[in-house]
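Here are a few exercises to work through with the model open in your viewer. Try each task before you read its solution.

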Amino acid sequence: DGAIRVQTIIDVAKRRGIPLPANTVEEMTQIIILEKPATLTTFLGKFAEYMHVVAGDREAIKRIAYEFVEDKAKERVIYVEVRYSPHLLANTQVDPIPWNQKEGDLSPDEVVHLVSEGLSEGERAFNIKARSILCCMRHMPNWSMDVVELCKKYRHEGVVAIDLAGDESLNCEVNPGHGKAYEEAVRCGVHRTVHAGEVGPPSVVKEAVEVLKAERVGHGYRTLEDQALYRKLLAQNMHFEVCPISSKLTGACDPDFTKHPVVTFRKDKANYSLNTDDPLIFNSNLLLDYSAAHKYMGFTEDEFKRLNIRSAESCFLPETEKRELLQSLYEAYGMIQSTPF
């Protein structure tokens, strides 16, 4: 829901008769994007500019998923895990109904079905692999058990993991509602990632790993403020989902890229990936994150290869598909296969 084409927002608004503050892609883009470093709260507020247009609309949700795969294929991505909150796209069986929508007939369950259909059709059309991660929201713990149940229901239809997202600065301690959902995820073998240490203290990262049993940490920059924790996670081979452009614009990190935590991750040979994180709002793509890492953070071609292989090793695909993904990377990079499988 942070990776929608502006033209699609305009098209859907016109079809549904929803007024927008601008009618051209250029003007609407300027309203939606975050151009200067702000706060995570300001960034999250940007979703209110357009989510009411697409939420609750079956055709729009499936189209967004399909177009997302096309956009990733153009960026030469071969495997992607895209995340979203099913509840934020629904208009029934969700309390409260988001974006001031009226009660409708699109449930979170059907949202997942539509997204999975769109991703699957995109996979076939553009010859890449796309899977999804369903998000619990920090400020809505009453949705979290629904989310893990949807992860279980759709685990054979493209859903590979559960996530906890939202404004860390408002909720540093995990609510029991999220805790129970993650307990169920562990019990049922649902993969787990958690947004933690983006703007919150290292204690949030510790809680994500030790209480919620996260297998990956979304961002995790503030982990460096607790060196004992950082060393422990390095030893555990914990995977950090790093988003350079995002972290600059949300105020999560120093805007000087040369001081970005991923520079330390690189030097320490940590296990991490480079990701876009809401390309609509940041007006970015994967190339921009790669370019920033290359230009300002000392990344070499060898480091990009290493981090992509570590990303593939840490992805949430079943083991057989993971081996195939790794093999395709080794072949593309002209490297001798040395997978740990």
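The exercises below go from the whole chain to its empty spaces and then to single residues.

This is a predicted model, so local features need pLDDT of at least 70 and side-chain atom pairs count only at pLDDT 80 or more, while totals for chains, interfaces and linings use all residues. Residues are numbered from 1 along each chain as its sequence is written, and side-chain values use heavy atoms, with hydrogens and water left out.

**Exercise 1. The whole chain**

Work out whether the radius of gyration agrees with that of a compact globule, and describe the fold in numbers.

Step 1: Take the globule rule, 2.2 Å times the number of residues to the power 0.38, with the radius taken over C-alpha atoms. For 341 residues a compact globule would be near 20 Å, and the chain has 19 Å, so the two agree.

Step 2: Look at the extent. The C-alpha trace spans about 55 × 40 × 40 Å along its principal axes.

Step 3: Count the elements. As DSSP runs numbered from the N terminus (helices are H or I with at least four residues, strands E with at least two), there are 16 helices and 7 strands.

Step 4: Check burial and contacts. Of the 341 residues, 57% are buried (under 20% relative accessible area; exposed is over 50%, partly exposed in between, with a 1.4 Å probe and protein chains only). With contact meaning heavy atoms within 4.5 Å, 68% of the contacts with a separation of 6 or more join residues 24 or more positions apart.

**Exercise 2. Empty space**

Find the largest cavity and the second largest pocket, and say what lines each one.

Step 1: Set the rules. On a 1 Å grid over the protein atoms alone, a cavity is a set of points where a 1.4 Å probe fits but cannot get out; a pocket is an open set with protein on both sides within 12 Å along at least five of seven lines, and lining residues have an atom within 4 Å of a point. Points are joined across faces, edges and corners, and a volume is the space filled by probe spheres set on them.

Step 2: Take the cavity. The count is 1 cavity of 30 Å³ or more, and the largest cavity has about 170 Å³. It has 14 lining residues, with Asp-1, Ile-64, Ala-65, Tyr-84 and Val-115 closest to the centre. H5 gives the most to this lining, 4 residues.

Step 3: Take the pocket. The second largest pocket holds about 320 Å³. Among its 15 lining residues, Ile-4, Asp-71, Pro-279, Leu-280 and Ser-284 are closest to its centre. H1 (6-16), H5 (58-74) and H13 (279-282) each give two or more residues, and H5 gives the most here with 3.

Step 4: Sort by class. Ala, Val, Leu, Ile, Met, Phe, Trp, Tyr, Cys and Pro are nonpolar, Asp, Glu, Lys and Arg charged, and the others, Gly among them, polar. The cavity lining has 11 nonpolar, 1 polar and 2 charged residues; the pocket lining has 6 nonpolar, 5 polar and 4 charged.

**Exercise 3. Two residues**

Is His-87 buried or exposed, and what does it touch? Do the same for Met-335.

Step 1: His-87 sits in the loop between S1 and H6. Its relative accessibility is 0%, so His-87 counts as buried.

Step 2: Beyond four places in sequence, His-87 contacts Val-94, Pro-98, Pro-108, Trp-143, Asp-146 and Val-147.

Step 3: Met-335 lies in the segment after H16 (319-332). At 35% relative accessible area, Met-335 is partly exposed, and it touches Lys-305, Ile-309 and Tyr-330, not counting residues up to four places away in sequence.
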